[in-house]
Amino acid sequence: MKFFKTMTMAAACTAAMGVASTANAANWLMLQGTEPAGAAPRAKVWGFIQPEYQSTGGEDLAAGPWTGEKAIFNQIRPDIDTNKDMNILRARLGVRGTALPLDSNVNYFLLTEMGRNGVTNKDSASVKLTDASITLNHIDGARVRVGKFKYPGAEEGLQAVHVFDYINFTNVTNGLLMERFFKYDGSGTFVQPAAGPDTASDSGQVNAPLSGVGAFRDTGIQIFDTFKKDDWEHSYAIMYGNGNGSNNSDNDDNKDTYVYWSSEKVYGGKGPRREGWKIFAWNQSGKRTITRELGDADASNDIEGEFDRERSGIGTTFRKGKIRASFEYITADGMIFAGSDGGAVPGTLSNLPGPAAGKFTVNGDVGSDGQLKASWNVETEGEADGWYAHFGYQVTPKWELDVRYDVYNRMTDVSAKERKYETTTIGAQYFFNKKTRMILNYEMRDAEAPNLPSDHNANLILDSMDDRLSAQLLVIF
Amino acid sequence: MRFSTLKSMAVFLAIALSLVGFNAHAEKAFAEQKVVLQISDNDPFKQTLVLNVANNLVKHYGQDQVEVEIVAFGPGLRLLFDENTNKGRIASLAGAGVKFSACSNTIRNMSKVLGEKPALNSNATVVDAGVVRIIDLVNKGYRLVKP
């Protein structure tokens, strides 16, 4: 099993490291799940605000049935209806502490989201509960955390987003780990939506997500702890959850399991910017229930089934003095989010005749003969992988420069469907103070269908991908 | 000198030395400054602050030139819980001669709330009442500082 190999590799690396040395990066399991023993308040109110601006060149699709329409990859999240947008991406308010200050064995963590992003925009909700957990520290070596919280996994997902060095996640994290939940795989709506599923949202999206994005969270129970030996800190976590992301309840009978290990040599400091060198490995395994439309518009032969969803990763982070660096490799098997038809914004009518004739109606929206309506898609049995490498340098106490290169290979098991995304991000951070900073990013984005000719529609569409400029202001309180 | 006399002197010396060691609050003979630091707040920042002040005093005057005692009572007694995240710093300061006193009245009250007696840091000495300890030290010439 892949995750066994991943964990074995991590353990072998740990054994080879020998004793004490300092660790890089933060211990997110402990920082987010526990409170400092004997020194935590009953209730500490905290939060952060992230207003941002993002823009692309807005180039339209150059090929395919949606030629001339907006390219989804050039639109700005979360509404994907414009190529330039100012938005309050995140505005979070939370409280954490010990229920009874005298008893450090019980901690709690509560966090709400009031910004506009993939967690809140699905229901146009103004406030969403992102975290609500209780940690019991009664058993040495086995702390218990129950509720909704970040599952132990990839570094970009597990770390606190308000100390993330970049504005946007890497393609591999966004594509494989920022889970979207759909009722259908979307294959039928491409051909002819007429008899397809009546799942258009109020915005006209076809096969619209059923809920907000997973946001690297799940509701469940986690056993975890950290063991210190000299300068080394070894951590583990095992979690059993609903597998339904940031939603409060489950949507089927399947459950996800999460396994995580990290070993970190601590150089010094504390908190999110503690210095050290960390190696880690993780695995997430579960099943999803989704209806396969089998690529046609005949709803009578749709099949609802359960499909495996497996993710694994291994990586390292380093932080010492002025240097920051990280690397992570992630693999995926099953339930691969495959974007939208023709690169168009879901709900957009095609401009060219589709492969099947006939009018269609989706939630009362009548199209012309042969027109298609772009939908979201999921490859239920696909495979994918990707990796990223980041380097940062603190030029002065107030300025930090960052560069990141990330590669995402989607549908590596089907030659014609394989897509490769490469992005180089250059960034700068200015720290007004240790809790307030501005981030500037410029992403040089490139994508291709590596196994198809350069003049194939897929490559002509992907050639439309613009670079992206982002600016974000962040304050933590 | 007869062996029996030597033996008696050795025994006397051993007893005297043990008495000095037994008194955890024995004062430094050459200390010119004497400071008692009070912590009675629940605020974790106050815990850090009182330890910082103690450390600054020792660094400034030298550990043989200053007597520092931290008296914890009320909610501030959490600083001297054995599980407290500042345990390492406390051990380091204790090694530099800083004394830590824990109020037994507070211990008794907290025991009622917790259902059991809280485990204290091994560097802490239990005193009858924290505020009485402070008054006694002030009467002996200590300056009271509450960060």
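Helices and strands here are DSSP runs, with at least four residues for a helix and at least two for a strand, numbered from the N terminus. The model is a predicted one.

Q: How many helices and strands does chain A have?
A: Counting those runs along chain A of this predicted model gives both kinds of element. The tally is six helices and 20 strands.

Q: What share of the residues of chain A count as buried?
A: The cut-off for buried is under 20% relative accessible area. Chain A has 477 residues to sort this way. The buried share comes to 56%.

Q: In chain A, what share of the contacts with a separation of 6 or more comes from residues 24 or more positions apart?
A: Take the contacts in chain A with a separation of 6 or more, then pick out the pairs that sit 24 or more positions apart. Those pairs account for 69%.

Q: How much area does chain A expose?
A: Carbon and sulfur atoms supply 58% of the exposed area of chain A. The whole exposed area is about 18900 Å².

Q: Is Thr170(A) buried or exposed?
A: Thr170(A) sits in the loop between helix H3 (155-158) and helix H4 (171-176) of chain A. Its relative accessibility is 0%, and the cut-off is under 20%. So Thr170(A) counts as buried.

Q: With which side chain does the side chain of Thr170(A) make a polar contact?
A: Leaving out residues up to four places away in sequence, Thr170(A) touches Glu156(A), Tyr388(A), Arg404(A) and Asp406(A). The polar contact in question has a distance of 2.6 Å, and the partner is the side chain of Glu156(A).

Q: Which residue does a cis peptide bond join to Arg77(A)?
A: Omega for this bond is about -5°. The partner lies in the loop between strand S1 (44-56) and strand S2 (84-98) of chain A. The residue joined to Arg77(A) is Pro78(A).

Q: Is Phe216(A) buried or exposed?
A: Phe216(A) is not a glycine, yet has a positive phi of about 60°. You'll find Phe216(A) in the loop between helix H5 (187-191) and strand S6 (217-229) of chain A. Its relative accessibility is 5%, so Phe216(A) counts as buried.

Q: Is Asp230(A) buried or exposed?
A: Asp230(A) also has a positive phi, near 55°, without being a glycine. Its place is the loop between S6 and strand S7 (232-241) of chain A. The relative accessible area is 54%, and the cut-off for exposed is over 50%. Asp230(A) is therefore exposed.

Q: What distance separates the C-alpha atoms of Pro36(A) and Ser262(A)?
A: Pro36(A) lies in the loop between helix H2 (28-33) and S1 of chain A, and is partly exposed at 40% relative accessible area. Pro36(A) and Ser262(A) are 226 residues apart along the chain. Their C-alpha atoms are separated by 20 Å.

Q: What area is buried between chain B and chain A?
A: Twelve residues of chain B are in contact with eleven residues of chain A. Carbon and sulfur atoms give 61% of the buried area. The total is about 970 Å².

Q: How many residue pairs are in polar contact between chain B and chain A?
A: Across this interface the rule finds zero salt bridges. Counting pairs with both residues at pLDDT 80 or more, the number in polar contact is six.

Q: Which element gives the largest share of the side of chain B that touches chain A?
A: Helix H2 (44-61) and helix H4 (104-114) of chain B each supply at least two residues of that side. The largest share is three residues, and it comes from H4(B).

Conventions. Residues numbered from 1 in each chain as written. Chains lettered and ligands numbered in written order. Predicted model: local features only at pLDDT ≥ 70, side-chain atom pairs only at ≥ 80, totals over all residues. Heavy atoms only, no water. Contact = heavy atoms within 4.5 Å. Buried area = accessible area lost by both parts, 1.4 Å probe. Salt bridge = Lys/Arg side-chain N within 4 Å of Asp/Glu carboxyl O. Polar contact = N/O pair within 3.5 Å; in protein donor to acceptor, adjacent residues only side chain to side chain. Buried < 20%, exposed > 50% of the residue type's maximum accessible area, 1.4 Å probe, protein only. Areas by Shrake-Rupley, 256 points an atom, 1.4 Å probe, with all protein chains shown as cover.
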